[in-house]
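I opened this model to look up a few points of its fold and of its chain contact. My entries follow in the order I made them.

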Protein chains: 2
Amino acid sequence: MFRSARFPVLALYLVGFLSTSVCAAPQPVHSYDPAGRSKKGHVGRRGAKYWQNGTANCGTQAPLANPAPYSNIWGGLSDVEAAGAVEWLFQQAELNLTVSESSSEWDNSILLVELMIPNKTDVLAYIDRREPAPARYAHVVLNVRATENPHYADILVGPLPVQNGTTKWVPLEYTYTRKTQGRVRNLDADSLQQRTFVNNLGAEIQDITLGLWNMTVMGLANDTMFIWAVDPVGQDDGRVTVWFTFIKISDKGWDTNSIMPAGLYFVADLTGRDSSKWSVNGWLYNDIFYNTIEDFRAAVNTPGFEKLPFNIDGEWDSVDHQGSTPPQDTRTPPAAIAPGGDRYSVDVVQKYIEWMDFSFYVGFSRDTGMALYDIKYKGERVLYELGLQEALAHYAGNDPIQSGTAYLDSFYGFGPYAFELVQGYDCPSYATYLNSSFYVSETTHTHVNSICLFEFDADYPMARHSTADNVMVSKNIYFTIRSVSTIGNYDYMFSYSFYMDGSINVEVRASGYIQGAFYANNEDYGFHIHDALSGSMHDHVLNIKADFDIAGTANTVRTISNVATQETYPWSFNKTRNTMKLSRADITNEDHSRFNWAANGLTQVVIANKNSTNKFGEARGYRVAPLSGTAHLTVEDSSSIANAANWANHDVQITRQHDTEPRSAHAYNSQDVADPVIDFNAFFNSESLDQEDLVMWFNLGMHHVPHTGDLPNTVFTAAHSGIQFTPHNYLLGDPSKETVNMVRLTYEGGSAVVERYGQSEGDTCPLEYSPVEGYLEGYIGDVVIRKYPFNPNEPFIQTNGIGG
Amino acid sequence: MFRSARFPVLALYLVGFLSTSVCAAPQPVHSYDPAGRSKKGHVGRRGAKYWQNGTANCGTQAPLANPAPYSNIWGGLSDVEAAGAVEWLFQQAELNLTVSESSSEWDNSILLVELMIPNKTDVLAYIDRREPAPARYAHVVLNVRATENPHYADILVGPLPVQNGTTKWVPLEYTYTRKTQGRVRNLDADSLQQRTFVNNLGAEIQDITLGLWNMTVMGLANDTMFIWAVDPVGQDDGRVTVWFTFIKISDKGWDTNSIMPAGLYFVADLTGRDSSKWSVNGWLYNDIFYNTIEDFRAAVNTPGFEKLPFNIDGEWDSVDHQGSTPPQDTRTPPAAIAPGGDRYSVDVVQKYIEWMDFSFYVGFSRDTGMALYDIKYKGERVLYELGLQEALAHYAGNDPIQSGTAYLDSFYGFGPYAFELVQGYDCPSYATYLNSSFYVSETTHTHVNSICLFEFDADYPMARHSTADNVMVSKNIYFTIRSVSTIGNYDYMFSYSFYMDGSINVEVRASGYIQGAFYANNEDYGFHIHDALSGSMHDHVLNIKADFDIAGTANTVRTISNVATQETYPWSFNKTRNTMKLSRADITNEDHSRFNWAANGLTQVVIANKNSTNKFGEARGYRVAPLSGTAHLTVEDSSSIANAANWANHDVQITRQHDTEPRSAHAYNSQDVADPVIDFNAFFNSESLDQEDLVMWFNLGMHHVPHTGDLPNTVFTAAHSGIQFTPHNYLLGDPSKETVNMVRLTYEGGSAVVERYGQSEGDTCPLEYSPVEGYLEGYIGDVVIRKYPFNPNEPFIQTNGIGG
C-alpha cells in the first residue's frame with residue numbers, strides 16, 4: 001500500500017525508502033565529518049551565540065572527550081561493514097537481488113542493512129566479565145517481490161566485517177514470537193500499481209469530484225486532490241480490502257493533508273497481485289453507503305442531493321506567525337545560556353556520554369530511533385537499555401478511514417524521520433549535537449545534528465529549607481538528550497533527562513498537525529473544529545522498554561500501597577482508629593505482571609534487588625512513577641489492530657528478560673495484524689519474576705480529542721506524557737547535596753552571612769549575546785553516502801533536501 | 001496547645017503571633033519602601049547580574065508600570081486603615097482588650113487585623129458594572145481568654161477607614177457553615193501553662209531520660225531535648241487529651257527536630273484551665289503501654305529492659321553541601337538570563353500584573369498566602385479567583401504521635417511563613433519581586449521579595465512541524481508568579497504559570513525536612529531510613545479554589561469520556577467493529593459534583609459556557625486536567641480530623657458560587673474537628689450547577705512514603721503536583737501562533753531560507769554576566785511597622801530576623 005495516509009508530503013521520501021527510486025539527482029558534494037558536530041559552517045555556531053574571555057569559572061569549553069570505556073556495540077555498522085554486507089548480499093545468487101534504483105515491483109531488493117543489536121547475555125559477558133565482544137551481524141530486511149506472494153524477509157548476515165567463507169546469512173526468527181522464518185507478507189508490494197488503480201478511478205469520476213468540489217485527482221501534475229488509504233488495510237477473511245478517501249491538496253504548499261479530508265470514501269478489494277482482479281465494492285458520502293459508482297453518480301445527479309461543505313486553506317491551517325502580536329512580544333525574551341561551557345563529556349565516535357555521576361551509550365535504529373544503553377549512576381548500572389519500542393495512534397470515527405486508522409509508526413520508522421534539530425528552538429542554543437544515520441537503497445543517509453544534548457537550569461530549585469536562623473537552596477541543573485521524529489503529520493519529541501538526585505525522566509511531547517475527520521454526523525467522535533473538520537478522537541500509546549539492572553540483574557518488582565484501615569493500638573485505650581497503613585507485595589510471576597497505575601496514585605512501583613539491602617535492611621531500588629499523564633488504549637480487542645499492539649492494553653508490564661524478546665513490536669506487525677510477527681502477549685508465560693533479570697515495558701501517551709486549540713498544530717505544553725525513575729532507598733541520602741551549586745544564608749540582624757561552598761562572588765564574564773539565533777541557514781538536510789558500489793577511499797557523498 | 005509540633009524552631013515566632021510577647025528588642029531602623037522592590041541595597045541587584053548597552057532589542061528594562069484599571073480590592077488594608085481599626089477596637093470597652101505585649105493567658109487580645117475579602121457579588125458590581133466599590137471591612141480575630149471558656153472570635157470591623165459613629169463591629173458568621181457567632185473554642189489558650197506542665201514532668205523523670213538517652217528536658221536553657229505535642233489534639237468525649245513525645249535538640253543548631261524523635265510518649269488530659277486538675281494517663285515505649293510513670297520507671301530499672309537506639313546528628317541530617325562533588329560540578333552551570341529586560345508590566349502598589357494577553361491582581365492573606373484575582377485572558381475574565389484554601393498533611397503510624405498527626409496548615413498560616421525568596425535560586429536571577437505583609441501583635445510584618453515574577457524559556461518549544469519542504473518551531477516562553485511558605489519542617493513552593501497557548505498551570509512542590517517516626521515495630525507505616533528513624537507515611541492534600549468565569553458567570557461542567565464500544569456502521573458490511581467513541585455528560589447538580597480523575601485519564605473535565613458557542617457550535621471553555629500527580633486523602637473518615645477537612649476526600653468538587661462560601665476551610669478547624677467552623681460537606685445541598693456561577697475546588701498533593709532519598713530534605717523534582725487549565729474550543733485556533741519568537745526554515749538544496757518574522761539576525765548585546773549570585777547578604781528578614789500606637793508621619797519601623 002502506498003503510505004500516503006501517514007506522510008503524504010513526505011511520500012517522495014517513502015518512495016525512496018520502499019526502494020523504487022532514490023531521486024538522487026546529482027548535487028554539489030559537501031564536506032562532511034562523519035563524527036558529527038563539526039560539519040562545515042557549524043563549528044562557529046555555538047561561539048556565535050556568545051563568547052567570552054572572562055575570569056574564574058567562565059570560558060567557553062566544548063564537552064570533554066573522555067573516551068568510552070568500551071566501544072559502542074549498539075552504535076551501528078561502520079561504513080565498511082555495511083558496504084561489505086551489501087556487496088556480499090548481491091553475490092548470493094539465491095537471493096536474486098536487484099539494486100534498488102533499478103528494481104521494479106517484481107524484483108527483490110534490500111530494504112534495510114543495519115546493526116543487529118547483540119544479545120544482552122553476550123554483551124554482559126563482554127562488558128562485565130571481559131569476555132570477547134559479541135560477533136557483529138547485520139540485520140537485513142529484504143523486499144521479496146519476485147513472487148506471487150511478496151513478503152518481507154528478516155535475515156542476519158555475519159559475522160562482520162565480511163570474510164568470505166565465514167560470513168553467512170540466516171533467517172532472523174529467534175527474536176520473533178511468530179516462527180515463520182522471519183517472513184511476513186508484504187501488503188505494500190504493489191503500491192505503484194495501486195496508486196495507478198485509484199488514480200484511474202479518480203479520472204473515471206472526475207465529473208463527480210468536479211461537481212462536489214471543483215477538484216480532480218487523476219495522477220496528473222495538476223491534480224488538486226489526492227487519494228489516501230487507511231492504515232492498516234483491512235485483512236479479514238484472507239482478503240485485502242482498503243478504504244480510501246479524497247484529500248484536498250493545499251493551495252499554498254502547506255503540509256495540511258491530514259486536515260483536508262473531503263468526505264467521500266470508497267472501498268476496494270486489492271487482493272492478489274493482478275490488478276485486473278481488483279474491484280471497488282462501495283462508496284460512502286454523508287453517511288450513505290452506495291454499492292456502485294453508478295448508484296452514487298445517480299444520487300449526486302438527483303435534484304436535492306445534499307452537497308456538504310469542505311475545507312479550504314486559510315490562516316487557520318498555516319504554521320506561520322499570525323494574528324495580533326501580544327504586547328512586548330517583539331522584545332528579546334529570556335533565554336538559557338551556558339557561560340561556563342559544557343560540563344559533560346562526549347565521545348562523539350562512540351556516542352558515549354558522561355554527565356556528573358551518570359554515563360550511557362546512545363544507540364540508533366531505523367525502527368525506533370534513539371535508545372540509551374548501559375546507563376550507569378555512580379559507577380553502577382541501573383538500566384541496561386531504555387528506549388522506544390513502538391507508537392500507536394488509534395483513531396475512531398463514523399467514517400471508515402478514521403474508524404480503521406491505527407498507525408503503528410515503526411513501520412515508517414522513527415530513525416529516518418529524526419530530522420536535524422533547530423538550534424535555539426528545539427534545544428537551547430548552546431546544546432551539543434550528534435548525528436544519526438539510517439540505510440536507504442544502498443546508501444546511508446545521515447541526519448546531522450539530529451540528537452541534542454544539553455544541561456539546563458530548571459525554573460525551580462532542587463531543594464530548599466528556611467528556618468528561623470537560615471535558608472538553604474540548591475540549584476536544579478539537569479541534563480537532557482533529545483531527538484524529534486516527524487512521522488507524517490505528527491512531531492514526537494523524545495527527551496531523556498538526568499537529575500542530580502539520581503532520577504531519570506522519560507518524556508514524549510507531540511506537536512504538528514492533527515489528523516482530522518471530515519465533519520459529518522460524527523459528534524460522537526470529536527468536536528467540530530473547523531468548517532468541515534471534526535477533531536477526530538484518537539489514542540496515542542507509546543511503548544517504552546526499560547531494562548532495569550539494580551545492583552545486578554537479579555531484581556524484583558515491589559509494590560507499596562497506601563490502604564485505609566481501622567486499627568486498635570496498645571495505646572489507643574481499646575478505641576479503633578480510622579487511619580491508613582502500607583500494604584507491600586512483590587510481583588513474583590508473569591501471571592500478575594500486567595497492570596495499570598493505581599487510582600489516586602495509591603500504589604508505588606519499585607524495581608529493587610531484594611538481595612542488595614542498605615544498612616537499614618531496605619532493598620535498594622528505583623521507583624517508577626508517572627511524571628505526567630500516561631495512557632493505555634481505550635479500545636478493547638480492536639478490530640483495526642487485533643494482536644498487533646497487545647503491549648498497549650496496560651500501563652505497565654513486566655517480563656523476565658530473554659535474548660529472544662528484545663522488542664515488544666515489529667515494524668511489520670501492521671502487515672498481519674491477526675498473527676503479527678511479534679505478539680507481545682506471547683511474552684507472558686508464567687515465568688518467575690522473583691529476583692530475575694526483569695524488563696519493564698511501560699506506556700506513555702494521551703487520549704487526544706482535538707479541539708480548536710489544536711489548530712493549526714497541537715502544542716507541546718498540553719500533549720505531554722512522562723515517567724520518572726527515582727532512586728528508592730538506593731543510597732543512604734539525597735545525592736543532590738553533593739553539588740556546590742547551592743547557597744546557605746544565615747540571618748544576622750538585617751543582613752545575611754552567605755555560605756557559597758567555594759563559589760567566588762565578583763567574577764564576571766563579558767558575553768556577546770545574540771538575541772536572534774544565527775546561522776540557521778546552515779540547516780541542510782540529509783547527507784547521503786552510497787554503500788553500493790562503495791569506495792572507502794572516495795565515498796560518494798552528497799546532500800539532499802529532507803526526504804530526498 | 002503550643003505548636004511545637006509544627007514548627008519547633010520557629011516557636012519564638014509563634015509565641016509572637018499568639019500574642020504573648022513580640023520580643024521586639026530595639027534594632028536599627030532601616031529605610032524601607034512599602035511599595036517593595038526598591039528596598040535599599042536591592043536596586044542594583046538585577047543590574048549586577050548583567051547589564052548591557054547593545055543594539056536593537058537588547059537593553060535592560062524594568063517592568064512597565066501600566067496602572068491597574070481599578071484599585072486592588074483584595075490587596076490588603078492600608079497602614080491607616082489597619083491602625084485605625086486597631087485603635088478603634090481598643091476603644092470598645094465590651095471587648096476588654098489588652099495590648100498583646102502585656103497580655104497574659106487570661107487577657108483578651110487581637111490576633112489578626114486584615115482585609116475582609118469583599119463578596120464576589122459586590123466586586124462584580126464594581127468592576128463589571130461600575131457600581132460603587134464595596135465597603136471595606138477588617139477581618140479581626142480576637143483571642144478571648146478572660147473567661148473559663150477561651151475562644152477565638154472572628155468579627156468584622158468597618159466600614160473603613162474608621163469613622164466614629166459609622167464604624168461598628170459584628171460577629172463574622174455568614175461565611176462559615178457553623179453558626180456560632182464566629183466563635184470557636186481555643187484549645188491553645190494555656191500553652192505556656194501546658195509547657196510548664198510537661199517540662200515539670202520532664203524534670204520529674206530526668207532519671208529516666210538520662211538513663212535512656214543521657215539527655216534532659218526541664219524547661220532550662222541547657223535542655224538537650226524538648227517535648228512535642230500532637231496536632232490536632234484529642235477532642236473525644238469532651239476531654240482534651242494530648243499525646244506528647246520527646247525530641248532530641250540538634251547539637252549543631254540544625255532544624256532537625258522533625259526527624260529526631262526519641263521513642264517515648266505520654267498522654268495527658270489537659271481539659272479545663274486549671275492545671276492542677278490535669279493528669280498524665282499513660283506512657284508508651286517500644287510498643288508497650290504503661291499506666292503510670294512508676295510502672296515505666298520500674299520497667300526501665302528491671303534488668304534486661306530493652307533500650308532502643310536513638311538518632312544522633314551527622315552529615316545525614318545536614319542541609320549543607322556534602323559528599324563527593326561530581327565531575328565538572330564546580331564549573332559555572334547554565335543559567336537563564338533576560339537580556340531584553342522584563343516584558344511584562346507591574347503596578348507595584350496595586351499588585352496588578354500584565355503579561356502578554358494575560359492580566360491579574362495579587363491578593364495575600366494570613367491564612368492562605370498568595371491568591372490571584374480577576375485573571376483575564378485577551379480582555380475577558382477566565383478566573384475570578386485562584387488560590388490555596390488549606391493544606392492537610394495526614395500521617396499514620398503505630399505510635400500515637402504519627403497516628404494522630406494531621407496538620408491543617410492554615411492554622412499556622414501560609415502568609416506569615418512566606419519568607420523572602422533567594423534570588424537566583426528560588427527564582428531566576430532576573431525575577432521581579434513583590435512584598436507581602438501580615439499582622440502580628442499590633443504590628444504589620446513585611447516579608448520583602450517574598451513573591452517573585454519571571455518569564456522563562458522552557459527547555460522545549462511550544463510547537464513544531466517538519467515537512468519535506470520546511471520546518472517551523474516556536475519558542476515556549478511562559479510567565480510564572482511564585483511564593484514559598486515554610487510551615488515548620490516543610491517548604492511549599494506555589495507556582496502559577498501562564499503560557500502563550502492560553503493555558504495556566506497551578507503547581508506545588510514540597511521540600512524541607514520530612515517528619516519521621518521513631519523506628520520501632522512500624523514497618524507497616526514506612527521504610528527504615530536511618531538508625532532509629534522510620535519515614536513516616538503521610539498524605540499531602542492541598543485544596544485549591546478555582547472560581548472560573550468563562551464568558552461570564554453562567555457556566556457548566558462538562559465531561560467528555562472515551563469509552564470502548566462495539567458499533568456497526570452503514571459501511572461496515574454488517575460487521576460489528578470494536579472501537580471507541582465519546583460519551584458526553586454535564587454535571588448539573590451538586591449531588592453529582594464530587595469526583596475523582598478517571599482511571600486511564602479517560603474523562604476530560606471542561607468548564608464551559610453552553611450559551612457562548614463558537615462559530616462551529618462548540619461551547620467555549622477551559623479544560624482542567626492533572627499536569628502531574630495529584631492526590632486525595634487515603635484515610636476514610638479519619639479519627640484525627642473527623643469533619644475538619646472534608647474537602648480532602650475527592651480530587652475535584654464543584655459548587656455553586658455563594659458569597660457565603662468563599663473558602664473551603666477555616667484556620668481554626670483543628671480546634672473542633674468534629675464540628676468545625678467550616679464543614680465543606682455543608683456546601684453540597686443539591687443546587688443546580690447548570691449554567692450557574694461555579695467554583696471548582698480541586699486537590700493537589702502526593703502520598704508520601706519517605707525513603708532515604710528524602711534525607712536530609714525531600715527534593716522538589718519528586719514532590720510535585722500540578723493542574724493545568726487549557727483553553728478548550730475557546731478561541732478558533734492556537735493563540736501561540738501570535739508570537740514572533742518562532743522561525744521557519746525552508747530547505748533549498750543544502751541550505752535553508754530562514755523566515756524570522758521580523759527578528760534581526762546579527763544584533764548582539766554585550767553582557768557582563770556574573771556566574772555567582774551577588775548581594776545575597778542583603779537578605780534581611782521581616783520589616784515590622786507598629787500599628788498601635790501608630791503615627792502615620794513617623795511610623796515605627798524595624799527589621800527583625802525571620803521569626804523575630
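**Entry 1: strands 6 and 7, chain A.** I began with one pair: Trp228(A) has Thr245(A) of strand 7 of chain A as its bridge partner. I kept in mind that this is a predicted model. Strand 6 and strand 7 of chain A run antiparallel and are joined by 5 bridges. I then checked the cover on strand 6 of chain A and found 5 of its 5 residues buried. Which residues of this strand point which way? Met225(A), Ile227(A) and Ala229(A) point to one side, Phe226(A) and Trp228(A) to the other. In a regular strand, side chains alternate between the two faces of the sheet.

**Entry 2: helix 5, chain A.** I checked the length next. Helix 5 of chain A covers residues 191-204, and its 14 residues should span 20 Å at 1.5 Å a residue. The end C-alpha atoms are 20 Å apart, so the two values agree. I listed its buried residues as Ser191(A), Gln194(A), Val198(A) and Gly202(A). They line one face of the helix, because they fall within an arc of 80° seen down its axis. What does that buried set pack against? Its partners in chain A are helix 6 (206-213), strand 6 (225-229) and strand 7 (241-248).

**Entry 3: helix 6, chain B.** I moved to chain B for this helix, residues 206-213. Ile208(B), Thr209(B) and Trp213(B) are buried there. Their arc is 95° down the helix axis, so these residues also line one face. Asp207(B) and Leu210(B) are exposed on the other side. I noted the packing partners of the buried residues, all in chain B: helix 5 (191-204), strand 6 (225-229), strand 7 (241-248), strand 8 (261-269) and helix 7 (293-300). Just after the helix, Asn214(B) takes a positive phi of about 60°.

**Entry 4: two aspartates with positive phi.** I compared two sites in chain B. Asp237(B) has phi near 55° and is found in the loop between strand 6 and strand 7 of chain B. Asp374(B) has a positive phi of about 50°, but it lies in strand 15 (residues 369-377) of chain B. Is each one buried or exposed? Asp237(B) has 7 other C-beta atoms within 10 Å, so it is exposed. Asp374(B) has 26 C-beta neighbours inside 10 Å, so it counts as buried.

**Entry 5: cis peptide bonds.** I logged two. Leu711(A) and Pro712(A) are joined by a cis bond with omega about 0°. Pro712(A) is in the loop between strand 35 (694-704) and strand 36 (720-728) of chain A. In chain B, the bond from Leu160(B) to Pro161(B) is cis, with omega near -5°. Pro161(B) is in the loop between strand 3 (151-160) and strand 4 (168-171) of chain B.

**Entry 6: how the chains meet.** I superposed chain A on chain B: a rotation of 180° with 0.0 Å of shift along the axis does it, at RMSD 0.0 Å. That is the relation of a two-fold axis. The same surface serves both copies, with 100% of the contact residues of chain A recurring in chain B. How many residues does the contact take? It takes 189 from chain A and 189 from chain B. On the chain A side, strand 30 (residues 577-587) gives the most, with 6 residues. That side divides into 87 nonpolar, 69 polar and 33 charged residues. I closed on strand 11 (residues 335-337), where 3 bridges join the strand of chain A to that of chain B, running antiparallel. Ala336(A) has Ala336(B) as its bridge partner there.

How values were computed
Residues numbered from 1 in each chain as written. Chains lettered and ligands numbered in written order. Predicted model: local features only at pLDDT ≥ 70, side-chain atom pairs only at ≥ 80, totals over all residues. Least-squares fit on C-alpha atoms with pLDDT ≥ 70 in both. Contact = placed C-beta atoms within 7 Å. Buried ≥ 20, exposed ≤ 12 C-beta atoms within 10 Å, placed from the backbone. Helix = DSSP H or I, 4+ residues; strand = E, 2+ residues; numbered from the N terminus. Arc of directions from axis to C-beta. Nonpolar A, V, L, I, M, F, W, Y, C, P; charged D, E, K, R; others polar. Pairing = 2+ DSSP bridges. Expected span 1.5 Å × (residues − 1).
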